[in-house]
Amino acid sequence: MDGQAIAWVDGVWHDDAANASVSVLDHGLLYGDGVFEGIRFYAETPFLLPAHLRRLRASARCLMIDVPMSDGELTELCTEAIARFGSSDGYLRLIVTRGRGLLGVSAHTCGRPTTILIAASLQLYPPEFYERGVDVITSSLRRSSPDSVPPQIKSLNYLTSVLAAAEARARGAHEALLLNGAGEIAECTADNVFIVRDGRVATPPVSAGGLAGITRDHVIELLRAGGIAVDERTLVGADAWTADEAFLTGTGAEVVPIASVDGRSLVAPGPLTRRAQTLFAASLPLAPAISALRA
Ligand code: PMP
């Protein structure tokens, strides 16, 4: 099924994800009441899966949704999806919704949560974006504050990101920086953000309102292990405007250089961005034949 998407919904496989469906009474659809993860697989191996499962459970716990499968079962399901999909690299979308209930918003009418897994091919950005970088604007929308829906929950409600991405597109850019209520940089619409100044890398702390990105954590670890200083500190717009270089990280995007922020050009890719890209590429699972040689 290379090039298409397949799906599993509560125990049933669908060769074409377009034909898989959930009830119109599922609160995931009615209220965005559910959580999800986007997971890459490389060389038929789900990448950083334990971290994704941990974050899925943390998101679900915040919403008081009981994920109806164990980590072992979810891991097996991912493995089976990759085998059925038949392509060595791709993307998994794991979703757990509140489940089917009455039309009212209250979750107490819902039965068992709905579990969905989609396997698909993914090309988020064209190859030239990794060479020349993406243009980023600062969105007029703010990340939700922790006293509304905590931004740490990777929920099915992505409207801030959807609107900010539309704003970026309308302004001729590829991505948008989202600030928090205090005007500090939180993240981008589907990626975390890093800036570089004077040989030091900096990224906003998760408390600024960005998602605790798994690629973010991984890249921080790789850079530090490579002897490069990475600070988690408050960043404002001017920090991005005056950066020597900057880059985005995310499961879909991997490591993407930023070419400009609000019309201010940056070096893209700068030397530390290249280093992050190289370290990231070297950390990916190898094709089975190569792994066998290494073992
Ligand atoms: N922020 C948001 C809003 C996201 O949706 C994502 C992608 N899941 C990220 C950051 C990056 O997180 P990760 O590296 O875990 O994909």
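**Serine 145, the α6–α8 contact and the ligand surroundings**

In the predicted model, serine 145 is located in the loop that connects β7 (134–142) with α5 (159–170). With a relative accessibility of 31%, serine 145 is classed as partly exposed, because this class lies between the limits of under 20% for buried and over 50% for exposed residues. Although 63 residues separate serine 145 from alanine 208 in sequence, their C-alpha atoms are 9.0 Å apart in space.

Helix α6 (residues 214–225) and helix α8 (residues 271–282) have axes that come within 10 Å of each other and cross at roughly 105 degrees. The two helices are therefore roughly perpendicular, since angles of 65 to 115 degrees are assigned to that category. On the α6 side, the contact is formed by Thr215, His218, Val219, Leu222 and Leu223, which meet Ala276, Leu279 and Phe280 of α8. Classified by residue type, this contact of α6 with α8 comprises six nonpolar and two polar residues, with no charged residues.

The ligand is surrounded by 15 residues, of which Lys154, Tyr158, Glu187, Thr215 and Thr251 come nearest. Thr215 thus appears both among these nearest residues and among the α6 residues that meet α8. Polar side-chain atoms approach the ligand from arginine 55, at 2.8 Å from a ligand oxygen atom, and from lysine 154, at 2.7 Å from a ligand nitrogen atom. For isoleucine 214, a backbone N or O atom is placed 2.8 Å from an oxygen atom of the ligand.

Terms used. Residues numbered from 1 in each chain as written. Predicted model: local features only at pLDDT ≥ 70, side-chain atom pairs only at ≥ 80, totals over all residues. Heavy atoms only, no water. Helix = DSSP H or I, 4+ residues; strand = E, 2+ residues; numbered from the N terminus. Buried < 20%, exposed > 50% of the residue type's maximum accessible area, 1.4 Å probe, protein only. Axes fitted to C-alpha atoms, helices over the stretch in contact; angles between N-to-C directions. Parallel < 35°, antiparallel > 145°, perpendicular 65-115°, else oblique. Contact = heavy atoms within 4.5 Å. Nonpolar A, V, L, I, M, F, W, Y, C, P; charged D, E, K, R; others polar. Near = heavy atom within 4 Å. Polar contact = N/O pair within 3.5 Å; in protein donor to acceptor, adjacent residues only side chain to side chain.
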